[in-house]
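Morning, everyone. I have a few local details to walk through. Here is the model on the screen.

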Amino acid sequence: MSQQATTPPVFDEPEFWYKIDVDYEEARELVQTEEDEGNSTSNRDSQSGTDGREEDSEGPESFEGALLEVFIRRKKRVIEDKHDSISEFKQRVLTADDDDARRLLNEVYVEYIWIQNQEGEVFESDANNLTELDLVDDEENLVQETINNEFDLLWPGQPTIGKEVDDGEIVARRYLQTKPVVVRKYEESFEVRGRQSDRKKVVTRLRSDDNLQERQPEPAEEPIVGKVENLLVEDNEEFRVVGVDFAESELPENSRLRVKNERSIYRDIHSLRNENLVSFDGISEVNKLYLKDIRHGGKFRVELTHGVDGVEFELKTNHKLDEQRSRFKQGFTAVTGIEFEKIYEYGSQDEEYLFNRILAERGTAYENYYEELSDEVQNVLEGNVDAAGNALVSTEVEEFKTCSHCSEKNSASEPECTECGAEDFSESVEETVIEVNDTSVATYIQNRLDDISPTHPKRDFSGWEVGDREMANRKIVETSFSLTDSEGRRTTSSYQEVDVVPHGNHPRPGTVNDYLLQCVYVTYGQSASADDEGYGRLPLYDIITADSLDALVGNALHNAIVGVKDRLISKASEAHEEAGEYYGLVDELGPMHENKDELEEIYDPSNDSYFEKHLFYLLKRLYSQTERWGRIGEREADGVLIVPEKDPSDYYVATYDAKLSHREDGYDLGSEEEDQATRYILSEDEREAIENKTGDNGLSAHLLISQNFDEDDFFRIAGHVQENILAYTDGEVPNQKLVFMEFRAVVELYELLNEYWWALRDARIRGKFDSYVIDELNDEQTEDGESFVHFDSDSVANVRENLLGRLDRYDRDQLEYYPE
């Protein structure tokens, strides 16, 4: 490389090179390495009789060349855009005077930093000459450096990044840890780019300057849902859509969805729409677009930002020249009709989005967009329709002030901050406060559901009943119905209860999961985009606006019934794992009463509800109609076990109580337990609940389930219960049995189900399995004239033996699977 004998002095100033992200020492080491390799090659060449000209070195020939090599890394596109070639740029720097060399290097550096960052804030000014723009106050720890008439750099000072500032110059090598903020000046405006954290202080300062106005996107009322839809379903000559992010989908759990394919996604989107898995009804469902420029190359990402005033399309891309960004924007607008400098107001876009922002109790959304809602929606929210009763929302204007120390919002009447106790506040401002009346919401839902007949392509609903009750101190809607499933040659009928719970701006009630209730959540406000895996889902907006609710509700009920099975599988698996660990300790350690400290780390009698839940999960996994009762403050059994019999209209039905103890002589089944067992066998309340569930008011048995029985007590307890029954019934002997069920047997029965799941999917095999279980539950033994059933590991072994005997009659390929 040809160069002057004297290079510009800038090459001898490490501080300058560190400031433009060049490691001075790295360049020096690069030259040293090349010299060492050159000497080694020279020695080998002299030994081999060659002059080494066949292996020209590609490294820098000088220290100055090494500095330029490090500087040029990743900047070639910027250099080639400004100069004829890389070599021409190098030559100009090496042969220039010192001022020109610094200018050439700085201009490339600032444009490189510029294209590294996404587009930033634009400010307009009335100043006659923006080339001499003063962006820094004397008090600010920022250093403004003017590169040329087009660019300025703002360097963070010492308090921000720990750098040394000497006469307006950054002199610390540690500057490599950060990047400056870049300001690009135009005729009447300038743009600020940089990392968010770096430019925040600068932008805040500029926004407070009365002589500057930040450019805002122009409001637009034109609808854009169709334009986005066309972009995603129709090919064009400018761009190929290679990806799209949906904020939610129509999958059972409304999961977020990303579709990406470098070849294009049009066919995938078409299939997803045909399956009703994605929708373009509301622009709020689309989050991001990924596009490839067909004509000029390059990938671009467009984000849809959903703000208070509307939706804005923002180009989010780094490492692109301004010319490339501008060309993309023009092409995108030409194809779609959507402009980047506009904000498309919600009122003309997506009523559901506005509806949910208002019901999220956002006062600003109410003030700006309530009047944009249709009369139909407003009439429901204001209680002007018969089904609503009272208004669903109410508003009032309140005054607030903000704490100057911790930014906590306080009522205007508060003398000191409720958060930190400070007494300095901002001026009070008025805000609209919205309150959603969840009771009115529940009443509206109840009245709407009362007038429908749910439908579903695979299920028939009959006996549709709608009522209400309280859950977690909130009104909810309860539904009940008979369900007929037809799958293959099998038709099954069952009684179902599904709770319809207004979700709104509250957390989900724990009762739903603790008792594995079939549940449809009605979503609105903050819960509008909630993940509802394992549940049915009904948007309140759809309940208000849909022409017919029959299919919507039928699908939500179906998802609730299917979803509880998914939740159950997970819960039962957790319960089995815990029970397995418990019995592993029992078998390893020996007598329970001697090792209760270790055992109670898993099942603690002082927290027996944990054991009760695990027992319930295992029983319900075995028999899905099993229910957990035992509500606090109610005199009722812990639950009811329901096993289907051969006749579809008959069931083995037994109330049960869970008993946890680590006493040496087993659970204390005293007179209180005897009275409970008697009451559950005779209770009319239990009979009514069972009749609602099965259509049959006959109770087969009451089960006492424990992991620690004293078998010598069985005949005594059975005798006392029998005496109590005779006393209460004037000598009439009921047909119900008293069953002592070992918790270990429940665990083993669950394991048997898991082991032979592939066979138990066949209705013929499952029917026989159920009958074998019922046989063991009816296998009464008599001792000293008192009768009872002991369901233990031997009982499960008998079920296993009978099941295997039945399976011997079939080849595996003869078994048929009927989905639940």
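Start with Asp293. Its side chain reaches the backbone nitrogen of His296, at 3.0 Å. Keep in mind that this is a predicted model.

Where does Asp293 sit? In strand E12, which covers residues 286-293. Asp293 is buried, yet has no salt bridge. Which side chain of opposite charge is nearest to Asp293? Arg327, and the separation is 4.7 Å. The cut-off for a salt bridge is 4 Å, from a side-chain nitrogen of Lys or Arg to a carboxyl oxygen of Asp or Glu. So Asp293 and Arg327, at 4.7 Å, do not count as one.

What else does Asp293 touch? Leave aside residues up to four places away in sequence, and the contacts are Glu238, Phe239, Gly298 and Phe300.

Next, Tyr344. You will find Tyr344 in strand E15, residues 342-345. Buried or exposed? Buried, because its relative accessibility is 0%. The side chain of Tyr344 also reaches a backbone nitrogen, that of Glu339, at 2.9 Å. And look across to His306. Tyr344 and His306 are 38 residues apart along the chain. Their C-alpha atoms are separated by 9.6 Å.

Now a helix pair. H9 spans residues 225-233, and H10 spans residues 266-274. The two axes come within 8 Å. At what angle do they cross? Roughly 120°. The perpendicular class stops at 115 degrees, and antiparallel begins over 145. H9 and H10 are therefore oblique to each other.

Which residues meet there? From H9, we have Glu229, Leu231, Leu232 and Val233. From H10, Tyr266, Ile269 and Arg273.

Last stop, the loop between strands E19 and E20. E19 is 459-471, and E20 is 474-487. Ala472 is in this loop. Asn473 is there too. Check the backbone at each. Ala472 is not a glycine, but has a positive phi of about 50°. Asn473 is not a glycine either, and its phi is positive as well, about 65°.

How exposed are they? Ala472 has a relative accessible area of 48%, so we call Ala472 partly exposed. Asn473 comes out at 72%, which means exposed. The line between those two classes is drawn at 50%.

To recap the two side chains that reach backbone nitrogens: Asp293 goes to His296, and Tyr344 goes to Glu339. That is my list. Over to you for discussion.

Key:
Residues are numbered from 1 along each chain as its sequence is written. This is a predicted model: local features need pLDDT of at least 70, side-chain atom pairs count only at pLDDT 80 or more; totals for chains, interfaces and linings use all residues. Side-chain values use heavy atoms; hydrogens and water are left out. Helices (H or I, at least four residues) and strands (E, at least two) are DSSP runs, numbered from the N terminus. Buried means under 20% relative accessible area, exposed over 50%, partly exposed in between (1.4 Å probe, protein chains only). A polar contact is a pair of N or O atoms within 3.5 Å; within protein, one must be able to donate a hydrogen and the other to accept it, and residues adjacent in sequence count only if both atoms are side-chain atoms. Lys and Arg count as positive and Asp and Glu as negative; His and the chain ends are not counted. Contact means heavy atoms within 4.5 Å. Axes are lines fitted to C-alpha atoms, for helices over the stretch in contact, and angles run from 0 to 180 degrees between N-to-C directions. Angles under 35 degrees count as roughly parallel, over 145 as roughly antiparallel, 65 to 115 as roughly perpendicular and the rest as oblique.
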